[in-house]
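New to this one? Here is a quick briefing to read alongside the picture.

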Amino acid sequence: MPLPLLIRRSVYTFAGLAGTFAGLTMLFLAARLVFAMGGRCGTGGYGYPPCPEHVPELALLGLFGGGACAVLYAAKGLKFGARLSLLPVPALFLGMAWNFFEFGFDPPGGGLSIGWLICGVVFVVMGAGPMFQLDKATWRETLWSDWQPPSEPALRPLAGLTPIERAERARDRVSTKPAAGAARAASRDPAELASALERVSRLHAAGELTDAEYTVAKQRLLGPASGEGR
Amino acid sequence: MKRTTTGLKIYSLVLQAAAILCGVALGVVVYRWIMG
């Protein structure tokens with residue numbers, strides 16, 4: 001992998017993952033503030049106590065900022081090694097489950113909050129449940145990538161080739177290039193023959209075909225008869 | 001080549017572990033900053 005690409009993807013990986021977990025941490029801490037005041041807050045005259053100052057901003061920043069960073073990580077991060085795109089989901093649910101259990105056993109009003117403990121169990125099931133459904137192979141595919149960057153480019157530009165390499169490449173490409181298909185089609189219809197010739201000429205003029213490839217393609221299009229007539 | 005590939009995999013693990021730790025620390029810092 002080219003060094004600039006490695007550096008760029010490393011930056012995206014670090015920024016994406018760090019931003020994701022910063023968002024999760026903010027959500028976790030904002031939720032604790034709400035738990036500490038009884039588990040609900042709001043405005044609008046519904047009888048809820050007002051939320052602690054800046055909690056809505058904190059929660060929104062954590063949710064959408066963390067989500068955007070998770071997308072950045074998944075889309076632009078390193079493609080090999082550990083892939084943790086799915087980790088934020090159980091981390092979010094299990095973090096909330098922690099809060100439910102902690103405040104369920106020791107709620108602001110004292111005693112025991114059975115409702116929060118039940119919610120804690122539900123969040124554990126949502127966060128950890130899917131993990132137990134995966135077998136070893138799926139775990140590995142989900143969390144690890146064996147992708148390897150190609151060691152060298154599949155195609156090299158014509159300009160960088162020696163004449164011998166050009167000839168070898170032309171020989172290798174003759175059987176697979178589109179002109180072969182065009183030749184077969186053109187043999188059935190004169191209009192298609194003209195179109196295919198024009199296409200080949202255009203490719204040659206654009207530098208997509210070497211002189212050798214152009215000659216071979218033209219001969220194929222015109223068939224053996226073209227050689228006999230000259 | 002093999003050593004390079006192994007090195008890259010270890011590198012990705014270390015990088016991502018560091019990113020998670022830094023992210024949690026950043027979240028705490030932002031939380032304290034916003035809450036004053």
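Two residues are in contact if their C-beta atoms, placed from the backbone, lie within 7 Å. With that in mind, among contacts in chain A between residues at least 6 apart in sequence, 66% join residues at least 24 apart. Keep in mind that this is a predicted model.

**The overall picture**
- Chain A has 10 helices and 2 strands.
- Going along the sequence, their order is α-α-β-α-α-α-β-α-α-α-α-α.
- Chain A has 230 residues, and 24% of them count as buried.

**How confident the prediction is**
- The average pLDDT of chain A is 80, and 81% of the residues score at least 70.
- Confidence peaks in helix α3 (residues 88–105) of chain A, with a mean of 92.
- The low point is helix α10 (residues 224–229) of chain A, where the mean is 48.

**A look at helix α9**
- Helix α9 of chain A runs over residues 211–222.
- At 1.5 Å a residue, its 12 residues should span 16 Å, and the end C-alpha atoms are indeed 16 Å apart, so the two agree.
- Its buried residues are A:Glu213, A:Val216, A:Ala217, A:Arg220 and A:Leu221.
- Those buried residues cover an arc of only 135° around the axis, so they sit on the same side of α9(A).
- Just after α9(A) comes A:Gly223, which takes a positive phi of about 80°.

**How α8 and α9 pack**
- Helix α8 (residues 190–205) of chain A packs with α9(A) at an angle of about 180°, and their axes are 10 Å apart.
- Angles over 145 degrees count as roughly antiparallel, so that is the label for α8(A) and α9(A).
- On the α8(A) side, the contact is made by A:Leu193, A:Ala196, A:Leu197, A:Val200 and A:His204.
- On the α9(A) side, A:Tyr214, A:Ala217, A:Lys218 and A:Leu221 make the contact.
- Two of these names may ring a bell: A:Ala217 and A:Leu221 are also among the buried residues of α9(A).

**Spotlight on A:Arg9**
- You'll find A:Arg9 in helix α1 (residues 3–36) of chain A.
- Is A:Arg9 buried or partly exposed? It has 17 other C-beta atoms within 10 Å, so A:Arg9 is partly exposed.
- Leaving aside neighbours within four places in sequence, A:Arg9 is in contact with A:Lys76, A:Gly77 and A:Leu78.
- A:Arg9 and A:Lys76 are 67 residues apart in sequence, yet their C-alpha atoms are 6.2 Å apart in space.

Note on methods:
Residues numbered from 1 in each chain as written. Chains lettered and ligands numbered in written order. Predicted model: local features only at pLDDT ≥ 70, side-chain atom pairs only at ≥ 80, totals over all residues. Helix = DSSP H or I, 4+ residues; strand = E, 2+ residues; numbered from the N terminus. Expected span 1.5 Å × (residues − 1). Buried ≥ 20, exposed ≤ 12 C-beta atoms within 10 Å, placed from the backbone. Arc of directions from axis to C-beta. pLDDT = per-residue confidence, 0-100. Axes fitted to C-alpha atoms, helices over the stretch in contact; angles between N-to-C directions. Parallel < 35°, antiparallel > 145°, perpendicular 65-115°, else oblique.
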